[in-house]
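User: Could you walk me through this structure and explain the terms as we go?
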Amino acid sequence: SMSGRLIGRKLSQGFEASTQNLQFQTQDGLRWPGGNMLYSQTNPTQKVMLAGETETADPTQTINDFKADKLDLAVISLIANKIPLGAATHEMLSSLAPQGTVETITARWRGYLDEPQEMTAKGVIKGAQISARHQTSKVGEGVDTREAIGRPGFRGASIDFDMSLLGGKAKIAIDKGMIELPGMFEDAVIPVEQLSSDVVWKITPAPSNTKSKVDGTPNNKIEV
């Protein structure tokens, strides 16, 4: 079943698609609770020829704009797992098990999403939660043997962020939630009654000839 509006229109150098109060339920019971989205894609290098045909554009110059509100992260994750995004993306989403509501988000990027030439994004997430990841490996010897440090997790966070490829800032607040720090303390779960923090980070792009030996990506420098 489906309700709401799904709108699409062709632009002179791209297209635009949006939803208004769209709600639906799939045959396997997955329910999209609603929310509004707007996505547009334009490319200034695309030229319209005679009879409506278009000339092949440079994809690195494609400008993508995305706006949305009231998005359920858990549902988005479940839907994403049904889309062919690649095994690595599916494994990451299953491991993170994100939850929360995206109150608002706006993003713009030029080029491919996984390797943008430019990117800005800002938004507010309420009730954010991601799962920690514990390591199976151990460090230390004898009585000092302990679990290796894993990926932190948290629950009950509000996040207000503004970021780009060169850095960003975020206001993080946790109210009656928790932080999980695998491998750092004997009891990894730390209850948090109230916590707030401002985080600012800067990313210095690495020279194009300096890449990771693991996956070939640039070794960018991140300062927090």
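Analyst: Of the protein's 224 residues, 26% count as buried, meaning under 20% relative accessible area with a 1.4 Å probe and protein chains only, while exposed is over 50% and partly exposed lies in between. This is a predicted model, in which local features need pLDDT of at least 70, side-chain atom pairs count only at pLDDT 80 or more, and totals for chains, interfaces and linings use all residues. Residues are numbered from 1 along each chain as its sequence is written, and side-chain values use heavy atoms, leaving out hydrogens and water.

User: Why is N43 called buried or exposed?

Analyst: N43 has a relative accessible area of 4%; the cut-off for buried is under 20%, so N43 is buried.

User: What makes the link between the side chains of N43 and T62 a polar contact?

Analyst: Their separation is 2.8 Å. A polar contact is a pair of N or O atoms within 3.5 Å; within protein, one must be able to donate a hydrogen and the other to accept it, and residues adjacent in sequence count only if both atoms are side-chain atoms. The 2.8 Å value falls within 3.5 Å, so the distance criterion is met.

User: Where is N43 found?

Analyst: N43 is in the loop between strand 4 (36-42) and strand 5 (63-72); strands are DSSP runs of E, at least two residues, numbered from the N terminus.

User: And why is F185 called partly exposed?

Analyst: With a relative accessible area of 47%, F185 lies between the two cut-offs, so partly exposed is the right label. F185 sits in the loop between strand 11 (167-180) and strand 12 (189-204).

How values were computed:
Helices (H or I, at least four residues) and strands (E, at least two) are DSSP runs, numbered from the N terminus.
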